[in-house]
Amino acid sequence: AVFKQVLDEGVVASYDAKIETPAGPKHFTARMAPIRAGNEVDRVMVVVTDVTERREAEAAQERLHLQLQHAQKMEAIGQLTGGVAHDFNNLLLTISGNLELAQSCLDDASEGRAFIKDALDGVQRARDLTQRLLAFSRKPPLRPAPLVVGTLVESMESFLRRTLGETIDVSTVTDNAQDHVCRVDRAQLENAILNLALNARDAM
């Protein structure tokens, strides 16, 4: 179609082509110019240029640009998460302080103490969550230490159940895991396990 346009209209035109080869795709740009004999187009000169490297460089630059955008977005999310978690943590301190004061006003036989204890347990779980959010936003340096992996996984089971929701059945198997001691950063390993669980839920 481009060749016909050059012949019929006598204009300069170009088109891009992609050819699959055993070594991978090759990209070319073809430019066409009419050569006249009198008033008629007698011939067409075609100049073909291999632009594979340029296209690959442009694709690599686009990937880097997308990676930069993603990194900037994640940084903004981290800052937002840190701010919300910090404010939420302050609210939890107020709630837990008042609950502890209320608990001290009741005698040991009071039924209300059990309710307050449940509320304080909930506050502690919320604190654990805010600490994870703060760790995500701050990106702290790794602090590896000896850790029994099985014990860590078992301690996260109730947290995973609440996080994944009631529609997900969580089964924890830690056979012989008490013998496995690793030198890892506890917070990072917890985040890795949580992310694996969330990805598994989303995949289902």
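1. In this predicted model, T21 has G24, a residue of β2, as its bridge partner. The strands involved are β1 and β2, the latter covering residues 24–37, and they pair in the antiparallel sense over nine bridges.

2. Helix α2, residues 52–104, packs on the sheet and touches β1, β2 and β3. The direction of α2 makes about 125° with that of β2.

3. The sheet itself is open and has three strands in the order β1-β2-β3, with antiparallel pairing. Its edge strands are β1, residues 13–21, and β3, residues 40–50, each of which pairs on one side only. From one strand to the next, the twist averages 30°. As a general point, strands of a sheet pair through backbone hydrogen bonds, in either a parallel or an antiparallel manner.

4. A second helix to check against the sheet is α1, made of residues 2–9. Helix α1 lies across β1, β2 and β3 and runs at about 15° to β2.

5. On the surface, F3, L7, V46 and V48 make a nonpolar patch of about 320 Å². At least two residues of this patch come from α1, and at least two from β3.

6. One of the patch residues, V46, lies in strand β3. Is V46 buried, partly exposed or exposed? V46 counts as partly exposed because its relative accessibility is 39%, and the partly exposed class lies between under 20% for buried and over 50% for exposed.

Note on methods: Residues are numbered from 1 along each chain as its sequence is written. This is a predicted model: local features need pLDDT of at least 70, side-chain atom pairs count only at pLDDT 80 or more; totals for chains, interfaces and linings use all residues. Side-chain values use heavy atoms; hydrogens and water are left out. Two strands pair if DSSP finds at least two bridges between them. Helices (H or I, at least four residues) and strands (E, at least two) are DSSP runs, numbered from the N terminus. Axes are lines fitted to C-alpha atoms, for helices over the stretch in contact, and angles run from 0 to 180 degrees between N-to-C directions. Contact means heavy atoms within 4.5 Å. Patches are made of residues with over 30% relative accessible area and no salt bridge: like charges are joined within 9 Å, nonpolar side chains (Val, Leu, Ile, Met, Phe, Trp, Tyr) within 5 Å. Accessible areas come from the Shrake-Rupley method with a 1.4 Å probe; for residues, only the protein chains shown count as cover. A salt bridge is a side-chain nitrogen of Lys or Arg within 4 Å of a carboxyl oxygen of Asp or Glu. Buried means under 20% relative accessible area, exposed over 50%, partly exposed in between (1.4 Å probe, protein chains only).
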